[in-house]
Amino acid sequence: MSSLGALLARIQAMFSRDPDRINAEIEQHIDFIAADYVRSGMTEEEARYAAKREFGNVTAVQQEYREQNGLPILENIWLDVKFAVRSLRRNPAYTSASTVTLAVGLGSLITVLCAMSALLWKPLPFPHPERLVVVKEADPRAGLWSFSEPDLLDLQDRTRSIVALAAYRRGLSVLTGSGQPETIHSASVTPSTFAVLGIQSIVGRVFEPSEKNVVVSRSLWSRKWQESPAAIGQAITLDGENYTIVGVADLPVDLLNGADILLPLLPKATESRTAHDMEVIGQLREGVGQGPAQAELNGIAASIARENPRTNNGWSMRLVSVRDYVNGPRTGRTVWMIFTAVALFWVLSCGNVAGLQLARSIARRHEIGTRLALGASRKRLFAQTLTEGAILSSLGAALGVILALYGVEAIRVFAAESLPRLAHMRVDATMIGIALFGVVFSTLLCALFSGRSPEFYGGRGISRRDRGRDALIVVQVSLASILLLGAGLLLHSFVRLQAVDPGFDAEKVLLVHVSLETAEYDDARRVSFFREATERLARLPQVESVGATNISPFNGTGTANRFRLEGEGMSSEYHAAAWRAVTPGFFPTLGIPLKQGRLFTVADGDHAAQVVIVSESMARKFWPNEDPIGKRLLWGKSGSPKTIIGIVGDLRDLAVDTPPVPTMFRPYAQLSDAPMSLVLRTKGDPTAASEGVRHEIWSLDRNAALEFQPLSRAMSDSIMRPRVSLLAFAVFATIAMLTAAFGLYGTISYRVNQRQQEIGIRLALGCPAGAMRWQIRKDSLWLVCRGLAIGLPLAYLLSTFITSLLYETQPTQAEAYLLVMVVFVGIALAASFGPSRRASRMDPASAIRYE
Amino acid sequence: MKVPKSEVPYGTLDLMILKTLESMGSLHGYGIARRIEQVAQGSVALNQGTVYPALLRLEQKGWISSDWGVSDNNRRARYYAVTKQGRRQLMEEEASWQRTVATITRLLEGAQ
């Protein structure tokens, strides 16, 4: 207790120092003694002299008093801090280089950890998230599908391991009756969905399955009804049907199709078993793991297949974790890979700062020598460098946290669309903890390396082998080579991706997605609507040509239809190919080249001969050595024959990096589908035409919902969206590689500089200058080779993880490895060239004296 | 006859100061040093200045307190006094000192 009190008193004394107190007391004391002597008859002067002698050594007392008053260790630290701050401010270049290096390293590490935590670790915002699973149906080829309604009901009846099932059908609904018609994401949900996903109304209530009522999201509520309670009870029209709003709820962004509106749905056993459109989420019984649940599902699927062999033969059911479902299947691996790279980069950046410290210790050896000579202890000098390292690291960490705040914000803005979980990213206390750990790590590393320099110990630059410094170079080379290889492969992919020809000309093309109220239109009306619309739009002054397609480029999903070739037996396997329903204007508007035969015309109508155009890759695949024109294929299950009239160029219209798939084109007039997208080739800026287009279409149908988008934007989004991670990683890896290269250059040239004296001695003993130069360069090369020998095999192992990110690039490409070797050998030569030349030209005498 | 002077035994100065303050009440540094010298009757060579670090040490432990005051001859001086905690500590240290002395005495007598 009293010792704690004493400690507190001493700490307090450090800050509320009263330096005059002891001096006043001493002076007083001497006065008292002197007064006594005066009384006993001395002169004033003699008395003072005698008093001082009697008091003893004033300075010693003051010193002892000062040491007692306050804590010498803390004071030393305070002195070290002041000194370090002064010396860091004297070297702004060194200070800012180190700080920025550490900040970028730690900042990227924290940002990536935040993303990882949001994607992989943070609990999902549902009740009992650990018990939630997504259930999919799997076809005989193990392709995953949504559920059909009868299969869902059977599952519900038979399962014991799943206690509650949420199910919904994704939808895109046209909302009319309140302002402009609008297409919004919707979901038709079964009654138990609310409980399983923990959705509660914030205003009003949720609906009962029998009602024709809807629940809207908070965002739609505030956008359309300004959060007014009067929205409850309001009638709205969705796809031509009337509903009443009964409630508002916070809807999850991760699941439910990101819907803004929920409609009631009761699955029916009478629906088709082949219509797979229900997303199913199950809540496992408490204590039941995924393994036993999967085993039970296997049995259930087998019994359903036995009962319905025609539709379900070979089908099974598959559990998928909700997290994998939300994030997409490969996200986990990609994130770990990025984490590995960033962690390497962080270690590398600490290594670079350690290298800078080494170089600086050369510059400081006179200062350090002087201080040693004046009696500073090694411990105190080490404490001094430790302090300096700690200050640099803290500055770097603080700046790194700030960078991470911006990085997290940037990722939220740019990537949350493709990975909704990223919306939950936060820089939290854990991350600050990691930052502190980073401070400790880099501090120790810095101190270790400035402490390693032989000059530190007052030696005169004797170039004994310094294992620590050599190890630093080897580690730097190996880490940097991993990053460089990754960066090279990714940049190569990115360049290849930019150069892809999509098969059509996206410039000056406007996309218009048109949703018609389904209740109002039958096939014939729809076809005539689009015929009319394309004719009218083609007459607009800003428009050159117009076409329409059921699957708009870069917004569509994959389509497939089965067919047989004429002449194949009815028992033979079906073939499958993608298909599009397009108007005659589609090909010329997008500039898709006709390779053979003819394109559609308005004459290819409902009652004319049934025709089809195939893509080049389809022609090659199914008629490898024949002319397909005039041949017939048997469309779909009905097997109605369609004559091939033309071959067009291949399209990459799903995603630029997806290779073209065999595709069949049908005239829209013979195969009506909804919704449709118009494509318009405009004369100027595509968006400028949108007003005229809107006016024309609304004059045909005021309730048509329209969405405008320049095709070039859709295309760059399609390149960028899935490739944001690729680009970000490539840019990051390049920065990392450059940092590594500079760091390496610094460390190697430091190493050569340090050997000046040895070089002098060798020269004096008659070593030829050329041999000397070669010796020096060989040493640097040898270190780099050792680094590469560690780094490249590691890089090879790690590169298999980035295969999924690569495009037309093999992770094993020999050029990549050659490039890495050339770069590092180049760095080694460049870094040792100047210093070795200088060293070998030195006068041996001055080299020996060289300090 | 001259009594040979010895150094202040290590660790005893604190006890001396405490005891002095307990028996004399409030005193300034000079007074304390004087009083110790008087009691020792010239057998201890006290470097008067050394009382000040000791006083500070005792104050930090909370055994004595100090304040500025005015001396008999109207001079400003810092006065020290024992605290309650200090009295308790003094009792303990006195007892422990007595024990030590008794032990040493018995040892020395036994050795004769």
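## A walk through a two-chain model

Let us begin in chain A, where strand 3 (residues 162-176) and strand 10 (residues 279-284) run antiparallel and are joined by six bridges. Helices (H or I, at least four residues) and strands (E, at least two) are DSSP runs, numbered from the N terminus, and two strands pair if DSSP finds at least two bridges between them. This is a predicted model, in which local features need pLDDT of at least 70 and side-chain atom pairs count only at pLDDT 80 or more, while totals for chains, interfaces and linings use all residues. Residues are numbered from 1 along each chain as its sequence is written, and chains are lettered from A and ligands numbered from 1 in the order in which they are written.

Back to the strands of chain A. Within the pairing of strand 3 and strand 10, Leu165(A) has Gly282(A), in strand 10 of chain A, as its bridge partner. Strand 3 of chain A also runs antiparallel to strand 4 (residues 182-189) of chain A, with eight bridges joining them; here Gly171(A) is matched with its bridge partner Ser186(A) in strand 4 of chain A. Two bridges pair strand 3 of chain A with strand 7 (residues 235-238) of chain A, again in the antiparallel sense, and Leu175(A) finds its bridge partner, Leu238(A), in that strand 7. Strands of a sheet pair through backbone hydrogen bonds, either parallel or antiparallel.

Stepping back, chain A contains 27 helices and 22 strands. Of its 851 residues, 40% count as buried, a word used for a residue with 20 or more other C-beta atoms within 10 Å of its own (exposed means 12 or fewer, partly exposed is in between, and C-beta atoms are placed from the backbone). Contacts, too, are judged from C-beta atoms placed from the backbone: two residues are in contact if these lie within 7 Å. Among contacts in chain A between residues at least 6 apart in sequence, 83% join residues at least 24 apart.

Ala480(A) gives a close-up of chain A. This residue lies in helix 17 (residues 467-498) of chain A and counts as buried because it has 30 C-beta neighbours inside 10 Å. Leaving aside residues up to four places away in sequence, Ala480(A) touches Leu348(A), Met737(A), Ala740(A), Ala741(A) and Leu744(A). Phe824(A) is 344 residues away from Ala480(A) along the chain, yet their C-alpha atoms are separated by 9.1 Å.

How confident is the predictor? On the pLDDT scale, which gives the predictor's confidence in each residue from 0 to 100, chain A averages 81, and 90% of the residues score at least 70. Confidence in chain A is lowest in helix 1 (residues 2-15) of chain A, at a mean of 65, and highest in strand 17 (residues 611-615) of chain A, at 93. Over residues 453-463 of chain A the pLDDT is below 50, and this stretch has 27 contacts in the model beyond near neighbours in sequence. Where pLDDT is low, the predicted coordinates should not be read in detail.

Now for chain B, which has four helices and five strands, arranged from the N terminus on as β-α-β-α-β-α-β-β-α. Of its 112 residues, 28% count as buried. Three strands of chain B form an open antiparallel sheet in the order 2-5-4. Strand 2 (27-28) and strand 4 (64-70) of chain B are at the edges with a single partner strand each, so one side of each has no neighbour in the sheet. Seven bridges join strand 4 of chain B to strand 5 of chain B, and Ser65(B) stands opposite Ala81(B) in strand 5 of chain B. Helix 1 (residues 12-24) of chain B packs on this sheet, touching strand 2, strand 4 and strand 5 of chain B, with its direction at about 95 degrees to that of strand 5 of chain B. Axes here are lines fitted to C-alpha atoms, for helices over the stretch in contact, and angles run from 0 to 180 degrees between N-to-C directions. In helix 1 of chain B, the buried residues include Leu13(B), Ile17(B) and Leu21(B).

Finally, where the chains meet, the contact takes 16 residues from chain B and 23 residues from chain A. On the side of chain B that touches chain A, helix 3 of chain B gives the largest share, six residues.
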